[in-house]
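Hello,

Here is the structure we talked about passing on. Please have a look at it first; my notes follow below.

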Amino acid sequence: MLADSLRTTMTAASGAKLDAALSDVGWRDMLDEIPDVAVSLVFRLLGETGAHAPVLNDVVTGAAGGTPPLPFAGPCWVVWERGDGPGSALDDELPIHRAAQGDPLPQDALAAGRRAVGWWLIGTSRAMLSLARQHALDRVQFGRHISSFQAIRHRLAETLVAIEGAEATLHAAAPPDDADGLAALLAKAAAGQAALTAARHCQQVLGGIGFTAEHPLHRHVKRALILDGLLGSSRELTREAGTILRAKGFAPRLAQL
C-alpha cells in the first residue's frame, strides 16, 4: 500500500533526503491530482513518524515552487528552508529561520497550508498518544499495570477525543465548501489544541521518563509547539475566528450532518 511505502520512506530519511525521496515517489504529482488525499496522508505520516520535510512549501506555493515567508505565532515570519541547516531553538531538527515580513499569503494558499499543518499536528498527537498508551500497558505500580488506573484512562481518553474531534474538523474543511477559509482556520486551531492536550496528558501518563532525552516524547512535544505556531497558533486563530463571526453576524454551517 502507498501508506506503508511512505511510512517506510519517512522512517529511513528526513529533511532534504526525505524531500528528494518524496519527489521520487511522485509527491508533487499527487499534490496536483489528488491534493486532499496526498496532503492528509503525507502530513499525517510526517507527524506519526517524527520525520520532517519542507513539503509545506509545495502546498502553499503549488506549481510556482520556492520557499515563501510564512506567518508564525505573534508578529513573526519564518522561512522553511529546503536544506538541512537547523534554525529553530525549540526544535533543532527543523531548518526554520526567522525572516522579514512577507506579503500576505493568498486566501486559498493560507487555507491549504493550515489544513496541511493540521494533519501534521494530528499525526504528532497520535504518536504521543501511542507512546503514552504503550507505557501505561507496560508500567506496573503497586502490583498493577497503570493502564488499570482510572486517572490514567481518563487522560488517554480525553486525548483521543480531542484528536478525533480535530480530525473530523479537518475532513469538514476540505474545499470547495470552505471558500473563505474559515473552516480551515477552525480545523487548524482544533488540531493545535488537540496536540497541546496530547502533550500535556501524555507527559502526565509517562511521568519522569517523559522528560528524559532518551525517550522520544520530547521530540513530538517540541514539534507540536512549532507546528501549533506555524500559520497561526490555536489561541490566535480562535480569536480570529471570533472576529470573523462577529463581523458576519451569524455562524455559517461548515459541515453537513
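**The cavity and its lining**

Sorted by class, the residues that line the largest cavity comprise 2 nonpolar, 4 polar and 2 charged ones. Please keep in mind that this is a predicted model.

The residues behind those counts are Leu46, Gly47, Gly50, Trp120, Thr124, Arg219, His220 and Arg223. Three elements each give two or more residues to this lining: helix H4 (35-49), helix H6 (107-138) and helix H9 (217-229). Of the elements, H9 gives the most, with 3 residues.

As for the space itself, the largest cavity holds about 40 Å³. The search covered the whole structure and turned up 1 cavity of 30 Å³ or more. On the general idea: a probe the size of a water molecule is rolled over the atoms, and this shows where empty space is left.

**The sheet**

There is also an open sheet of 3 strands, in the order S1-S2-S3, with antiparallel pairing. Strand S1 (70-72) and strand S3 (96-98) are at the edges and have a single partner strand each, so each has one side without a neighbour in the sheet. On average, and ignoring direction, neighbouring strands of this sheet are turned by 45° against each other.

Strand S2 covers residues 76-80 and pairs with S3 in the antiparallel sense over 3 bridges. If you want a place to find this pairing in the viewer, go to valine 78, whose bridge partner in S3 is arginine 98.

Best regards

How values were computed: Residues numbered from 1 in each chain as written. Predicted model: local features only at pLDDT ≥ 70, side-chain atom pairs only at ≥ 80, totals over all residues. Heavy atoms only, no water. Pairing = 2+ DSSP bridges. Helix = DSSP H or I, 4+ residues; strand = E, 2+ residues; numbered from the N terminus. Axes fitted to C-alpha atoms, helices over the stretch in contact; angles between N-to-C directions. 1 Å grid on protein atoms, 1.4 Å probe; cavity = no way out; pocket = protein on both sides within 12 Å on 5 of 7 lines; lining within 4 Å. Points joined across faces, edges and corners; volume = space filled by probe spheres on them. Nonpolar A, V, L, I, M, F, W, Y, C, P; charged D, E, K, R; others polar.
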